[in-house]
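Here's a walk through one protein model, written for someone who would rather think about side chains than file formats. Have the structure open as you read.

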Amino acid sequence: MLIEINQVVDIDKMIDVKIDTTKVVRSLNNMINSFSKSDKWREPLQKSEKLVMDESKRNFDTQGLTYGSAWRPLKESTRKQRESMGFPSARPILIRTGGLKRAYKGEIKKDEGIIRNESDIAKYHQFGTRKIS
C-alpha cells in the first residue's frame, strides 16, 4: 500500500500517516516510463499550458492576488512618470499598453511544455535591476 492512514479514536492522539516512499517512487517511475513510450503527454501538456497561461494573465487582472499577495504599491516617482505619460498614476500596476500581459507564449513539444514571456521588459519586472529591487 502506498499510503496507510490510521485514525485513532482517542482525541488526544494524532493521526498516524505512513508513506512508503519506495513504492511511491516506483509508481511514479512506472507512470513516467509508460508516458515516455507514448504520445500521451500532448493533451496533459496542452491543458497545463492553458492553465499556466490563463493564471499568469489573470495575475495582471488581480494585481498579484492570483498568487497570494497584491503587488507593492508604486513609488511616488513612478506614479508621477505614469501621469506625465498619460497613464493612470497608481493602478493598474504593470499595465500601460498590455504588451507585457500579451507577451506570454507557450510551446508544446513531444514531452515538454515551455511557457515564456517574450517581452523585453519581463526579466526586469521579474528579477529587478540595480535600481529596481
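Is W71 buried, partly exposed or exposed? W71 has a relative accessibility of 21%, so it counts as partly exposed. Keep in mind throughout that this is a predicted model.

## The overall layout

Let's start with the fold. The protein chain has 5 helices and 4 strands. Going along the sequence, they come in the order β-β-α-α-α-α-β-β-α.

Of the 133 residues in the protein chain, buried ones make up 15%. The chain exposes about 10,700 Å², and 54% of that comes from carbon and sulfur atoms. As for contacts, take those between residues at least 6 apart in sequence: 33% of them join residues at least 24 apart.

## How far to trust it

The predictor's confidence, pLDDT, averages 77 over the protein chain, and 80% of the residues score at least 70. That confidence isn't spread evenly: strand β1 (residues 3-6) has the lowest mean, at 48, while α3 has the highest, at 90.

## The aromatic cluster

Now back to W71 and its company. Searching the whole structure turns up 2 aromatic pairs. In one of them, the ring centres of F60 and W71 sit 5.7 Å apart with the planes at 80°; an angle over 60 degrees counts as edge-to-face, so that is what this pair is. F60 belongs to helix α2 (residues 42-61) and W71 to the loop between α2 and α3 (76-84), so the pair ties together parts that are 11 residues apart in sequence. F60 counts as buried because its relative accessibility is 4%, under the 20% cut-off.

F60 also pairs with Y104: the ring centres are 6.3 Å apart and the planes meet at 70°, so this is edge-to-face as well. Here the link is between distant parts of the chain, since F60 is in helix α2 and Y104 is in strand β3 (residues 104-108), 44 residues apart. Put together, F60, W71 and Y104 form one aromatic cluster.

## Salt bridges

A bit of background first. Side chains of opposite charge can pair when their charged atoms come close. In this model the count comes to 7 salt bridges.

Take D61 and K101, whose closest N and O atoms are 2.6 Å apart. D61 lies in helix α2 and K101 in helix α4 (residues 99-102), so this salt bridge ties together parts 40 residues apart in sequence. D61 has a relative accessibility of 54%, so it counts as exposed, whereas K101 has 24% and is partly exposed.

Another salt bridge joins the side chains of E112 and K109, at 3.9 Å from N to O. E112 is partly exposed, with a relative accessible area of 36%, and K109 is partly exposed with a value of 36% too. Then there is E118 with R116, at 4.0 Å from N to O. E118 comes out partly exposed at 46% relative accessible area, and R116 is partly exposed at 33% relative accessibility. This salt bridge belongs to something bigger than a pair: E107, R116 and E118 are joined into one network by salt bridges that share partners.

## A nonpolar patch on the surface

Which residues make the nonpolar surface patch of about 280 Å²? They are L28, M31 and I32. L28 is found in helix α1 (residues 21-36). With a relative accessibility of 42%, L28 counts as partly exposed.

## An unusual backbone angle

One last residue to look up is Q63. Its phi is near 55°, a positive value in a residue other than glycine. Q63 lies in the loop between α2 and α3, the loop that also holds W71. At 8% relative accessibility, Q63 counts as buried, whereas W71 counts as partly exposed at 21%.

Definitions and conventions: Residues are numbered from 1 along each chain as its sequence is written. Side-chain values use heavy atoms; hydrogens and water are left out. Rings of Phe, Tyr and Trp (its six-membered ring) pair if their centres lie within 6.5 Å; planes under 30 degrees apart count as stacked, over 60 as edge-to-face and the rest as tilted. Helices (H or I, at least four residues) and strands (E, at least two) are DSSP runs, numbered from the N terminus. Buried means under 20% relative accessible area, exposed over 50%, partly exposed in between (1.4 Å probe, protein chains only). Patches are made of residues with over 30% relative accessible area and no salt bridge: like charges are joined within 9 Å, nonpolar side chains (Val, Leu, Ile, Met, Phe, Trp, Tyr) within 5 Å. Accessible areas come from the Shrake-Rupley method with a 1.4 Å probe; for residues, only the protein chains shown count as cover. pLDDT is the predictor's confidence in each residue, from 0 to 100. Contact means heavy atoms within 4.5 Å.
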